[in-house]
Amino acid sequence: MSGAAGLPASVGKAGVGARAARWTAYAIVGVGALFMLAPFWFMFVFATHSRSEIFNLPPPLWFGDDLAANFRLLTERIPFWRNLGWSLYVALMSTALTLLFCSMAGYAFALMEFRFKKALFGLVMATMLLPSFMNMIPMFMIMDALGWIDQQRALYVPGAASAFGIFLMRQFAQSSVPRELVESARMDGCGEFSIYWRIVLPLMKPALGTLALITFITSWNNFINPLIVMRSLPNYTLPLALRSLQSTLNTEWGALMCGSAIATIPLIVLFAITSRQLIAGLTAGAVK
Amino acid sequence: MRLPPLLRLSPKWAPYVFISPFLILFGVFGVFPLCFSLYLAFQSWEPTGGLRAMEYVGLANFAFALKDDWFWMSLRNTLWLAIASGVPQHLVALPLAAFIHAAFKRLRDGVIAVYFLPYITSTVAIAIMFYSLFSQDYGMINAALAQWFGLPHTDWLTSAAHIKPAIAFIVFWRYVGFNTVLYLAAMQTIPGELYEAATLDGASRLRQFLHITLPGIRPMIFFGVTLSVIGGLQLFEEPFILTGGKGGPQQAAMTSAVYLFREAFDFNDFGGASAMSWLLFLVVALLTWITNLAFRTRRGAA
């Protein structure tokens with residue numbers, strides 16, 4: 001065993017102290033994990049209780065039998081399936097556009113020569129550090145000028161110019177698309193588009209997968225952009241629709257929890273399958 | 001499949017064709033908005049009057065912001081929240097990463113996934129979740145505090161004194177796992193022999209952590225703290241949703257970003273809001289620079 005930080009590398013060499021230390025670590029990390037999961041647990045439990053049961057003392061700790069009633073209430077208050085559909089549509093469009101545009105540009109930045117390449121890349125990277133609130137007002141005005149207010153394209157088109165996407169694609173293309181392969185294909189008379197489509201893209205699959213996951217999740221969760229441009233409940237994506245439930249005077253907590261749980265489940269499933277790849281991708285900027 | 005020569009892309013033009021979709025979007029939705037917002041910061045404008053109602057007012061918007069009580073109050077709120085949520089994140093994430101690194105091998109991926117889960121969950125779902133947990137009379141958090149510590153019920157979300165700690169707690173809960181993962185990744189690059197040698201020399205675990213682990217992951221600490229500074233200063237969604245978009249009792253949870261939003265969309269002052277966004281940008285840049293400086297001088301001293 002190597003690289004034990006905080007605890008000695010010799011933990012395995014028995015010793016009561018070492019074993020105690022190891023169990024202390026298990027206990028602390030375990031309690032911390034419960035602390036991370038508890039709010040999710042209550043969200044799922046509350047989704048199955050009526051409003052009056054949720055606000056009982058003590059609050060319920062185990063599932064009740066009002067899930068169906070809560071769901072009915074939810075679909076009465078908001079066009080739930082429509083909102084869910086828009087969320088899915090926006091997330092898929094956003095993912096498709098981001099993958100296409102960022103992979104093309106990332107490939108060019110990594111393996112081709114053109115004027116102002118360094119300056120352009122530097123400019124794109126610099127915007128990654130800009131606080132998101134800088135964009136809030138001008139984004140609204142552009143969407144207004146384009147007539148895109150209350151339209152879904154206002155949500156998925158701007159995101160396709162993702163600085164993070166370009167960064168990830170360029171890094172990966174640089175390290176795993178061999179320059180010689182591209183050049184020999186060009187010598188053989190292969191067109192530029194087919195080089196990109198048939199040679200570069202297949203080699204970029206792992207990074208494309210990571211970028212797809214990140215883009216999908218970011219779009220699925222996005223709150224601030226829909227908040228700024230969307231105007232009518234039937235056009236809302238799910239997070240915005242759920243929040244609109246909360247602002248009415250008598251918040252139906254059971255229904256709201258039910259909606260939040262349904263919005264969260266796809267993410268948890270996706271994350272359970274892909275957590276390794278996703279975490280590696282999200283921290284890629286830090287490790288490289 | 002061979003395309004006719006006219007449609008074939010020459011290698012000379014190919015890079016421009018490949019980058020142009022991205023660059024067009026980047027120009028329209030990335031660069032142009034920034035320039036426009038700078039222009040707007042010197043204009044007086046109410047969107048209801050149309051683009052013609054714009055009027056050059058020089059530095060008046062900046063002067064207004066600097067004299068505005070709410071601007072300063074929201075900045076203080078933001079700094080308070082950034083520190084109260086940011087500092088504990090790192091103080092907890094560092095030892096936590098060390099524990100996971102030392103004691104977990106087979107279960108490591110699962111443990112990391114659990115800690116990372118809040119980071120990928122929607123803020124709206126999280127805010128809704130915590131809204132009920134923090135509820136005064138029937139919330140789980142008050143019930144637990146009363147049960148275990150005999151504490152009286154606290155009005156977390158309805159009093160100016162308590163809403164900040166409540167929000168700081170949520171932000172802490174959400175990002176502590178992200179930092180843990182960063183530190184864990186850095187710890188994995190420290191060679192194990194260093195620890196073995198230190199153990200032979202009789203160095204305690206605490207000393208090993210302080211003298212091997214911490215210096216070894218120093219660049220990552222710098223990176224993580226920088227992200228927390230930048231992220232903490234643009235805090236928007238948690239306070240916005242938990243206070244119904246208004247900023248909470250006596251605006252105690254109105255962060256700068258929330259105020260910016262309200263200045264533009266509630267009070268229709270787009271010029272003023274743009275000027276504020278540039279002032280805040282300067283604050284973010286300044287604090288990022290100070291963070292950088294702090295890490296550099298301490299490295300020089302060590």
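**View 1. The two domains of chain B and where they meet.** In this predicted model, the centres of domain 1 and domain 2 of chain B sit 31 Å apart, going by C-alpha atoms. Domain 1 of chain B covers residues 14-59, and domain 2 of chain B takes in 61-301. Where these two domains touch, 13 residues of domain 1 of chain B meet 10 residues of domain 2 of chain B. On the domain 1 side, two elements of chain B each give two or more residues: α1 (14-40) and β1 (43-44). The largest share of that side comes from α1(B), with 3 residues. Sort the domain 1 side by class and you get 8 nonpolar, 4 polar and 1 charged residues.

**View 2. The two domains of chain A.** Chain A also splits into two pieces, domain 1 at 12-72 and domain 2 at 79-247. Here the centres of the two domains of chain A are 36 Å apart, again over C-alpha atoms.

**View 3. Chain B against chain A.** Zooming in on the contact between the chains, we find 87 residues from chain B and 84 residues from chain A. Helix α1(B) turns up again: the largest share of the chain B side, 15 residues, is its contribution. As for what that side of chain B is made of, the tally is 65 nonpolar, 17 polar and 5 charged residues.

**View 4. Helix α3 of chain A, inside and out.** This close-up follows α3 of chain A, residues 67-77, whose buried residues are A:N70, A:L73 and A:L74. Look down the axis of α3(A) and those buried residues fall within an arc of 100 degrees, so they line one face of the helix. What do the buried residues of α3(A) pack against? Their partners are two helices of chain A, α4 (80-111) and α14 (253-282). Turned away from the buried side of α3(A) is a face carrying the exposed residues A:A68 and A:E76.

**View 5. How confident the prediction is along chain A.** The mean pLDDT of chain A is 86, and 92% of its residues score at least 70. Which elements of chain A have the lowest and highest mean pLDDT? Helix α15 (residues 284-287) of chain A has the lowest, at 59, while α4(A) has the highest, at 95. So much for the helices; now the start of the chain. Over residues 1-14 of chain A, pLDDT stays under 50, and for this stretch the model has 51 contacts beyond four places in sequence.

Note on methods. Residues numbered from 1 in each chain as written. Chains lettered and ligands numbered in written order. Predicted model: local features only at pLDDT ≥ 70, side-chain atom pairs only at ≥ 80, totals over all residues. Domains from an automatic or database assignment. Contact = placed C-beta atoms within 7 Å. Helix = DSSP H or I, 4+ residues; strand = E, 2+ residues; numbered from the N terminus. Nonpolar A, V, L, I, M, F, W, Y, C, P; charged D, E, K, R; others polar. Buried ≥ 20, exposed ≤ 12 C-beta atoms within 10 Å, placed from the backbone. Arc of directions from axis to C-beta. pLDDT = per-residue confidence, 0-100.
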